[in-house]
Amino acid sequence: MRAFILFILIFDATFRREKDNISKSFLHTNVVAKRSLIHSKALVLPTYIMIRKNTLFCKLIRIKSSSKSLFNSFMDGFCPELQTCPCCGTKGDCQVLAYYDRSLVDFINGVSVCHSLCIMRLICTCGHTHAVLPDFIIPYVSYGLFFILRTLAEYFLHISTVEKLCDRFSISRFR
């Protein structure tokens, strides 16, 4: 989990650095535009900078679906025979090989919940096997995308600190 905390700290530092660079760029643009108007009487259009709001994070807080229900609805519509093999590129040569259990930590009603998912494994005629994972399940990570984004949202919206998030969700700070 040290990697998760490190990710939050790096993301926060990058976000602050980008914010500082935008402020400096805006000040420089206005000074250059004023100077050129004074010296040349030509109209110079200033560059515009986006106003960034955390609307995505705010929307994440309102998500009511669990990753498990989204996974089940994804798998209901999944057809292995129509898939393209990422290794050889053939379409329609994949068949179900096996299933395996996987844990997924999710965020439901303000509480972290651990789900058990049944992951399908496919085999292609070229011999390669592939696990079927929707985009909200991160390979080799037990925390789901919604859980990670929700914790990031709480951190960046200043709802919780890293220490409070670690204590609240039983995330080990030192591993």
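From the N terminus on, the elements of the protein chain follow the order α-α-α-β-β-β-α-α, and in this predicted model the secondary structure therefore amounts, under the criteria applied to helices and strands, to five helices and three strands. Of the 175 residues of the protein chain, 30% count as buried. The accessible surface of the protein chain comes to about 11,800 Å², and carbon and sulfur atoms account for 60% of this area. Among contacts between residues at least 6 apart in sequence, 59% join residues that are at least 24 apart.

The three strands form an open sheet in the order β1-β2-β3, with antiparallel pairing. The edge strands of this sheet are β1 and β3, each of which pairs on one side only, and the twist from one strand to the next averages 20°. In general, the strands of a sheet pair through backbone hydrogen bonds, in either a parallel or an antiparallel manner.

The pairing of β1 with β2 involves residues 95-108 of the former and residues 111-123 of the latter, which are joined in the antiparallel sense over 13 bridges. Within this pairing, Ser103 has Ser116 in β2 as its bridge partner. The two strands form a hairpin with two residues between them, and Asn109, which lies in the turn, has a positive phi of about 50°.

On the side of β3, the pairing consists of three bridges, which join β2 to residues 129-131, again in an antiparallel arrangement. The bridge partner of Ile123 in β3 is Thr129, while Arg121 stands opposite Ala131 of the same strand, β3. The hairpin of β2 and β3 has five residues between the strands, and in this hairpin Gly127 takes a positive phi near 100°.

Two helices are placed across the strands β1 and β2. Helix α3, formed by residues 67-76, lies across β1 and β2 and runs at about 20° to β2. Helix α4, formed by residues 145-156, likewise lies across β1 and β2, where its direction is at about 20° to β1.

The buried residues of α3 are Ser67, Phe71 and Met75. Seen down the axis of α3, these buried residues fall within an arc of 70°, and they therefore line one face of the helix. The packing partners of the buried residues of α3 are β1, β2 and α4, so that the contacts of these residues, counted between heavy atoms within 4.5 Å, involve two strands of the sheet as well as a helix.

The cysteines were also examined for covalent links. A disulfide is a covalent bond between the sulfur atoms of two cysteines, and the structure holds zero disulfides. For Cys88, the closest cysteine sulfur is that of Cys124, at 3.7 Å, which is too far for a bond because a disulfide requires the two sulfur atoms to be within 2.5 Å. With regard to solvent accessibility, Cys88 counts as partly exposed, at 37% relative accessibility, whereas Cys114 counts as exposed, at 57% relative accessibility.

Notes:
Residues numbered from 1 in each chain as written. Predicted model: local features only at pLDDT ≥ 70, side-chain atom pairs only at ≥ 80, totals over all residues. Heavy atoms only, no water. Pairing = 2+ DSSP bridges. Helix = DSSP H or I, 4+ residues; strand = E, 2+ residues; numbered from the N terminus. Axes fitted to C-alpha atoms, helices over the stretch in contact; angles between N-to-C directions. Buried < 20%, exposed > 50% of the residue type's maximum accessible area, 1.4 Å probe, protein only. Areas by Shrake-Rupley, 256 points an atom, 1.4 Å probe, with all protein chains shown as cover. Arc of directions from axis to C-beta.
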